[in-house]
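Grab a coffee and open the viewer. Below are some short exercises, each with a solution worked step by step.

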Amino acid sequence: MIETPTADLALVPSRPLVEAPIDAVFTIAPGDRVVVDAGASVVVGAPIAERLRDPRLEDKAVSEPVEPRPGDRWHAMPRVVGPATPGGPRGAPGGEYLFPWRSRWRVATGDIVDPLETPVAGIVRDVRPGTSITIRAAGRGVRGVVALGGPTRGRISLASGPEGGLRPGALDVGMAGAILVVDARVDAETLTRARAMGVRGVIVAGLASKERRDFLASEARQRAALHRLPPYAVLVMDGATRRPMAGPIMALLTALVGKEAAIVSDPPMLIFDVPDLAVPTPPAELVRIRAGALSGHEATWVGSAGRRRFGGGVDLEAGRVRLHDGSVVAVPLGDLERFV
Amino acid sequence: MTGDPRAFLAIDRGAATAGAALIGRVGGAWRLLGSVALPAAVDDDALIDLLIRRVEAADAVLARHLGISAQQSGAIPAVTVRTVPPRRLAVVAPSERALAPLLEAASRSGWRTTGASVETTDPLAMTRLLLDGGVHGILAGAGDPPAPDERGPLAEFTALVAAAARRRPDRLVILAGAMAEATDAFGDLNAREGETLLGPAARSGNDGAPLRALLTELAVPADDARRALGPAARTLATVLDRRIELVEIGFDGALRAIASPGDPSTGPTLDVAIVPSARLAPADPDDATVDRVLAWLTVASDRHRLRDRLREMRIAPWSDLTGDGAALRLSAARAALGRLADATPEMSAAAAPDLIVAAGGVWSIAPAPVVALALADVLRRPGASAYALDHARLLGPLGSIPDEDERAAVISDLADDLLAPLGSVVTPAGLRMGRSAGSLVVHGPGGDARGRAPIDLVPGGIEVVDLPPGASATAEFRFRDGVRLGGRGRHFAIDVVGGLAGLVVDLRDVPIKLPERADRRRELLEAWQIAVASGVRE
């Protein structure tokens, strides 16, 4: 925890720079096969479930000695016999008993499964077939506002252009396997091209709604294809408008360059397990202006300015901050944030 | 409250902003000493410390007399309410016809809802919905007795819901209507971790009121601000002896309550709707939401940019409140108010109340007359009402005082402090466009015409008469043709009270019609805003 030098600084909304512990939740659906048990320890890349790609409902008769319960696994005749797992014999997609109906059972099943691999090491805390698997991740995390796609894992690499953005032409196959840090903003075309180049993820400060929608539509089309795609995710750190990445977060991501990290979507986070990493600590009086005319600027906290009138005839609690050019301005407290 | 405190704090910890007010015993009565509002991300200690320091700085003698000091702020008793995000209820039924009233009841009872019926959703998708990790409870209902279109799929539907309930024994399950007779399929209900409740059918009682009451009880926790606003409205109605409508727009939901003092035989009455879909900042604004905000926006924007800003509002609701941000906030508030009105049609259809009270942090950023205009823009009913603002966000905390008499005593003392008078709005309906509708003369308390010439009433516009807070008058309207203003007639004399916006005579259409073209619409909205803001008092 960073010490606050003045009591007034407590009036500035705080944002944790690094969080731990992290419970990452992986969503699964009825019919998906869980291959881990609660309490199990998992390593990076370990399969935790098999997801049915196109699940369907079937009516199945149940032989007399079997008394299934809703959620139990239904096993098709195995095509390939393999070692048993907590979910049943390997090699057969099988399915899941949903509910009994007219002396038979409704079963969720399918033909093709995609393995769901954990991008983080940790302990499986909770398994709810048909709902979710929760893993207490080893390491620490930086929270974003949303993660699209994923989960994924790769090595952190800085990829910002001169204006803090990333253009499609700047991408090449040498970036395959990386999670790219793009400072300010990125468009859908760049995101889809990055995926095609084998990039595993993108971290960006802002993603506009239009780009988000276009990317999600492209992602859905890709996922509907028959071949399995490598995992890919976009982690948005701040919001939907253009502003540079917060300095303390950028410093942390820079410190992580070349190291492996994971992006998970629930909660939307970048998780890294680098115990010896010294997280760059921002000065306690550093504040960031996240909205308004000075959006994206970082400054030094001077003190409370009391209630002030701002544009639009609005009276708000404000603080005085010193910008890098030495000028002191009053900014609504709500437009400020500090990192703790 | 316990003991005999000389001061107490009223804290309303909302999802976007947190408000704290200090109330002290002065001259034998409770009075509001001061209030502050800060972003919700700021903790209570900082909020209270700021408030106490300001009160000490303003009147050190009074602070000492009441035993208030920043060093001992922890010793001041506090009534606290907080707003928690609404939880999600999966609402399922055998048919679309059965689903509609269930969804309607749940969505105005404090729940975020996702609905599905056997008619339009396959069993796999419905199971996926019932098992979804984001779902807190299941409402499964059928008519009582089931309608012909429900009887066929009812058995399979029951088996599906029972199976999902067994798989998630921690989940709240409400079986409504004919589903309440199918408990055998659910096994041993006592063995479940989560509650299993039997409820009335969606349309039973007073158009579903019993089911709505049950769902509301389950939706909001005991210390929730919206739960407290209902009792606060009822007590206020009793104290003021007025029929009151309370509208609250919040970050995660909205509330509309109509309370009346009733008569000695019935006692006070209260009708409350908590509508999460009428929240200020939807998480993922769709085109309809964006268009609705765009319709009220006085600054030029396109759908994409507006959607970006609405997302930003969701992420950091306490930021970007100045300049265009203030206009955006008020447009989003109007859009939310519109959704609230859509969800509560019977309240909109009721006669205009004596007093309309606006609550919620969103109103605190705007000048008072603009708040009155925003309310009048959306809550359009022929009639006359006084408007007021819960400026210090006291109604939630005071409504949480459990003892009715104690609550009434405190609200009675604070009645003049807790509501900022916005003024009176008179809205005649049925005016003929294109010519003068008539005239208005405002008489002071003694019957004088306050030195004014008759005001010509031009349909389609807004007339503002300066009537300061605390003043009262009689507005005498003479219309050329019959209009609706409470009843139908041509000559009306209406008692009005003053406020920060004065007397607003709203001669626009009921319901309001806005131009299709964006530039003309913005011009018109700005013109109305200027009309009411010209009489701003601060």
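Before you start, one definition: two strands count as paired if DSSP finds at least two bridges between them. Keep in mind that this is a predicted model.

**Exercise 1. Walk along the strands β24(A), β25(A) and β26(A), and work out how each is joined to the next.**

Step 1. Start with β24 (298-310) and β25 (314-322) of chain A. These two run antiparallel and are joined by 9 bridges. To see one residue pair, pick G303(A): across from it in β25(A) stands R320(A).

Step 2. Look at the turn. The hairpin of β24(A) and β25(A) has 3 residues between the strands, and G312(A) takes a positive phi near 90° there.

Step 3. Carry on to β26 (residues 328-332) of chain A. Its pairing with β25(A) is antiparallel too, over 5 bridges. Here R322(A) has V328(A) in β26(A) as its bridge partner.

Step 4. Check the second turn. With 5 residues between the strands, the hairpin of β25(A) and β26(A) has a positive phi near 95° at G326(A).

**Exercise 2. Put the strands of the open sheet with β6(A) and β7(A) in order, and find its edges.**

Step 1. A reminder first: strands of a sheet pair through backbone hydrogen bonds, either parallel or antiparallel.

Step 2. This sheet has 4 strands, and the order across it is β6-β11-β10-β7 in chain A, with antiparallel pairing.

Step 3. An edge strand pairs on one side only; that applies to β6 (56-60) and β7 (73-74) of chain A.

Step 4. Zoom in on one edge. β6(A) and β11 (residues 104-109) of chain A run antiparallel and are joined by 5 bridges. Among the residue pairs, R56(A) is partnered by T109(A) in β11(A).

**Exercise 3. Which residues of helix α1 (residues 188-196) of chain A are buried, and what covers them?**

Step 1. List the buried ones: A188(A), T190(A), L191(A), A194(A) and R195(A).

Step 2. Ask where they sit around the axis. They span an arc of only 165°, so they lie on the same side of α1(A). The general rule helps here: an α-helix has 3.6 residues a turn, so residues three or four places apart point the same way.

Step 3. Now find the cover. It includes β18 (178-185), β19 (201-206), α2 (209-223) and β20 (233-239) of chain A.

Step 4. Finish just past the helix, where G198(A) has a positive phi of about 90°.

**Exercise 4. Sketch chain A as a whole, then as domains.**

Step 1. Count the elements: chain A has 3 helices and 27 strands. Its C-alpha atoms fill a box of roughly 80 × 45 × 45 Å along the principal axes.

Step 2. Check burial and contacts. Of the 340 residues in chain A, 45% are buried. Take contacts between residues at least 6 apart in sequence: 63% of them join residues at least 24 apart.

Step 3. Split the chain. The assignment gives domain 1 (7-14 + 282-339), domain 2 (27-119 + 125-132) and domain 3 (140-272).

Step 4. Compare domains 1 and 3 of chain A. Their C-alpha centres are 29 Å apart, and 6 residues of domain 1 are in contact with 5 residues of domain 3. The domain 1 side of that contact holds 2 nonpolar, 2 polar and 2 charged residues.

**Exercise 5. How many residues of chain B are in contact with chain A, and which elements supply them?**

Step 1. The contact involves 38 residues of chain B and 43 residues of chain A.

Step 2. In chain B, β3 (29-39), α1 (44-58), α4 (123-131), α5 (148-167), α9 (303-315) and α10 (324-343) each supply at least two residues.

Step 3. Sort the chain B side by class: 20 nonpolar, 6 polar and 12 charged.

**Exercise 6. Find the largest nonpolar core and one of its hubs.**

Step 1. This core has 207 residues, and L102(B), V371(B) and A372(B) have the most contacts inside it. α10(B) gives the largest share, 12 residues.

Step 2. Take A372(B). Beyond its neighbours within four places in sequence, A372(B) is in contact with Y387(B), L422(B), G423(B), V425(B), A501(B), V504(B) and V532(B).

Step 3. Another core, of 65 residues, lies apart from that one; among its members are I28(A), A194(A), V202(A) and L270(A). You've met A194(A) already, as one of the buried residues of α1(A).

Methods
Residues numbered from 1 in each chain as written. Chains lettered and ligands numbered in written order. Predicted model: local features only at pLDDT ≥ 70, side-chain atom pairs only at ≥ 80, totals over all residues. Contact = placed C-beta atoms within 7 Å. Nonpolar A, V, L, I, M, F, W, Y, C, P; charged D, E, K, R; others polar. Core = buried A, V, L, I, M, F, W, Y, C linked by C-beta atoms within 7 Å. Buried ≥ 20, exposed ≤ 12 C-beta atoms within 10 Å, placed from the backbone. Arc of directions from axis to C-beta. Domains from an automatic or database assignment.
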